[in-house]
Amino acid sequence: MLEACLAERSVLNDDFLRQLISVGEVDLLVGLPTFNNAKTLGPVVQAIRAGLLKHFPRERAVIINVDGGSRDSTPELVKAASITDLQLSSEVYTLRTLHSISTISGHGAATGPALHTIMAAAELLRAQACAVISPESINIDPAWLERLFRPVYRDHFDFVTPTYRRHKFDGLLLRNLLYPIMRALYAKRIREPYPSDFAFSGRFCNHFLEQDTFDHDESGSGTEISLVILAIAGSFRICQSFLGTKARAHRDSAELVPAMRHSVGPLFSSLDTNFPIWSANDGAQPVPTFGPESELTAESVRVNRKQLHQMFTSGVAELEPVLKSILSPQTLLEIQNIAKVVEDDFRYSHELWVKTVYEFAASYHKSVISRDHIIQAMAPLYRGKMYNFLVENRDASGEDVEANVEALCRTFERLKPSLLERWDGRK
Amino acid sequence: MWQLIVGELTRAMQELVQDFAHFLPRLLAMLVIAVLGWAFAYFLKIVVRGALRLAKFDKLSESAGANQLLTKAALPSSTELMARLVFWVVWMGFFLLGVEVLGVVGLQEYVSRFFLFLPRLLAGVFIVFFGLLAATFFYRAALLAAVNANLPSARVLAVSLRTIIVILAVSMAFEELGLADRTIIVAFAIAFGALMLGLAIAFGLGGQDLARRFLERRFLHDKQEQKQDEFSPL
């Protein structure tokens, strides 16, 4: 126990520890991991402060900013946001001091070490409920704090994942891969398994800090999805809470390969350790949800579909030697056949996509080649599926898109035995 | 006269018998060493084969691309090959030790040369193996990066990189073995220089259109893309 405490403390530097000690015990803690977010951070910090003061005026609260080593004075911006400004702009009054402290983790944009620091601080301050807000959530309003904290603080849930209002073409990796596979394997219908804004209890926080795996995770990528999986594997009480409109990511976060590395990589990796859990699961359970599970908007947008198709066909042709070592000959042949089809007749069926994903997961488990290479090799195939999704849902309403995603989820569930067969090495 | 001939013959026969009597124990010792060496080498072969199977060496060499080369050359799997290599090296070592016991003067120098050459041979084998491993890894890394960056001729780029690394590894191994080291270095320098010059000329002259299209797509396309809506995959 003492060793565990010392290990946690080592995450916190002396100066930060002094700041935490001066804060004392708190009821609520808001974690804000940042890295060069000065342009968008101001309104986010003000909304967090307003949310805490408006909805939790009697609770002891602290905002903790863990910065990756920004060069645009992001931490100064967090510390400089004063309550006086807030009180002038809105009718909120504080009954307690709202602390706001900042530390530098120096890990760049990787959120893993920042989340670890936030959790260690939460454990030290004995916070009953913690929320993590993404600095890119520029659409945040003060009610988000209430929607994230209330299920943990009042209703005793252990982990709150968000649901958002999104454009039907936003978050396609979530809808075409992460949500369906998580639902099929971990048997929980969590719409945002890679949450950028979420909340958790002190109990969950302690459980997280007891895990050795996170202590040694130097890359610090994909911790968000790992937390959700940890909550499921630990049988914690999980719920979803509708927050509002999801902000569009800036260009850097829209890159596919890093996004896959941070989400699909940790998900596949978790299947090794959690095999007894996911292999025994049968039938996905709904998760208690505050507000709508999903809201899709369908305003017209311009998307470069042609390039997606071109990158799929060239990827299938160029990566043949790599795909040969990952996919079964039959699946590879089917993919090569659809790659020969002209754009107008192109169709990447749900069944073929699910077979592709499961074969990638099994190859990842067996490490047939470098695991990072397996994830990278999946990107061109995902582009093919994305192209198919964009074409199929060009004129679809939100409900139609939901129906399409539901059909995909059912295919993932139906074909789960094929993954189990491959996992055992029989195929 | 006759007695002299008989005496000489008898002495010669006696010397021959004496030499043979001296040689026979050595021959027997050599045979015993060779047989013991064979048994020890066979035992080592089994141990090495088992250890490599446990360490999934076949999988490693498959990912290094070594298995493909072995299959093409109609050779056994890399685990079997390594086990056989160990068997022959150990048994040859014992056999040569036995030969040294025979006391044949000319052979002793060759025996000591063989033992001096052994570490270099092993180093050469390791250089080639890890060179192949590195070549395959970087080939795949370059191929995936080029495909995901939508670069033209991704496989040509990756194969070129792999070829350079393989040539480098083989030339290093030959240098380690001391086999035609100067020739190999010169040949490598010429081949590498020619490849680079060829690529420069091909891209500069022959591939003017390709270069123009690539640059246009790279820069003009980015500008076009910025006008379009960006969606996050997550």
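**Close-up views of a predicted two-chain model**

**Helices α8(A) and α19(A) are oblique to each other, because their crossing angle falls in none of the named ranges**. Angles under 35 degrees count as roughly parallel, over 145 as roughly antiparallel, 65 to 115 as roughly perpendicular and the rest as oblique. The model is predicted: local features need pLDDT of at least 70 and side-chain atom pairs count only at pLDDT 80 or more, whereas totals for chains, interfaces and linings use all residues. Residues are numbered from 1 along each chain as its sequence is written, and chains are lettered from A and ligands numbered from 1 in the order in which they are written. The angle between α8(A) and helix α19 (residues 398-414) of chain A is about 45°, and their axes are 9 Å apart. Axes are lines fitted to C-alpha atoms, for helices over the stretch in contact, with angles from 0 to 180 degrees between N-to-C directions. This crossing of α8(A) and α19(A) is right-handed (the near helix is turned clockwise from the far one by less than a right angle; anticlockwise would be left-handed). On α8(A), A:R175, A:N176, A:P180, A:I181, A:R183 and A:A184 meet A:V405, A:L408, A:C409, A:F412 and A:E413 of α19(A). By class, seven residues of this contact are nonpolar, one is polar and three are charged. Ala, Val, Leu, Ile, Met, Phe, Trp, Tyr, Cys and Pro count as nonpolar, Asp, Glu, Lys and Arg as charged, and the others, Gly among them, as polar.

**Domain 1 and domain 2 of chain A in contact**. The domain assignment places domain 1 at 2-297 and domain 2 at 305-423; such bounds come from an automatic or database assignment. The C-alpha centres of the two domains of chain A lie 30 Å apart. Across the boundary, 25 residues of domain 1 of chain A are in contact with 25 residues of domain 2 of chain A. At least two residues of the domain 1 side come from each of α8 (172-186), α12 (256-273) and β9 (295-297) of chain A. That side of domain 1 holds 15 nonpolar, five polar and five charged residues. Two residues are in contact if their C-beta atoms, placed from the backbone, lie within 7 Å. Helices (H or I, at least four residues) and strands (E, at least two) are DSSP runs, numbered from the N terminus.

**Helices α17(A) and α18(A) are roughly antiparallel to each other**. The axes of α17 (residues 350-366) of chain A and α18(A) come within 10 Å and cross at roughly 175°. A:W353, A:T356, A:F360, A:S363 and A:Y364 of α17(A) meet A:R371, A:I374, A:M378, A:L381 and A:K385 of α18(A). Six residues of this contact are nonpolar, two polar and two charged.

**The side of chain A that touches chain B**. Here 33 residues of chain A are in contact with 19 residues of chain B. α8, α12, α14 (305-318) and α18 (371-392) of chain A each supply at least two residues of the chain A side. The most, five residues, come from α18(A). This side of chain A divides into 19 nonpolar, nine polar and five charged residues. For the complex, the predictor gives an ipTM of 0.85 and a pTM of 0.80.

**Helices α1(B) and α4(B) are roughly antiparallel to each other**. The axes of α1(B) and α4 (residues 78-102) of chain B come within 8 Å and cross at roughly 165°. The crossing of α1(B) and α4(B) is right-handed. Their contact has 25 nonpolar, three polar and five charged residues.

**Confidence along chain B**. The mean pLDDT of chain B is 81, and 85% of its residues reach 70 or more (pLDDT is the predictor's confidence in each residue, from 0 to 100). Among the elements of chain B, α1 (residues 2-54) has the highest mean pLDDT, 89, and α8 (residues 208-227) the lowest, 61. Over residues 223-229 of chain B pLDDT stays under 50, and the model has seven contacts beyond four places in sequence for them.
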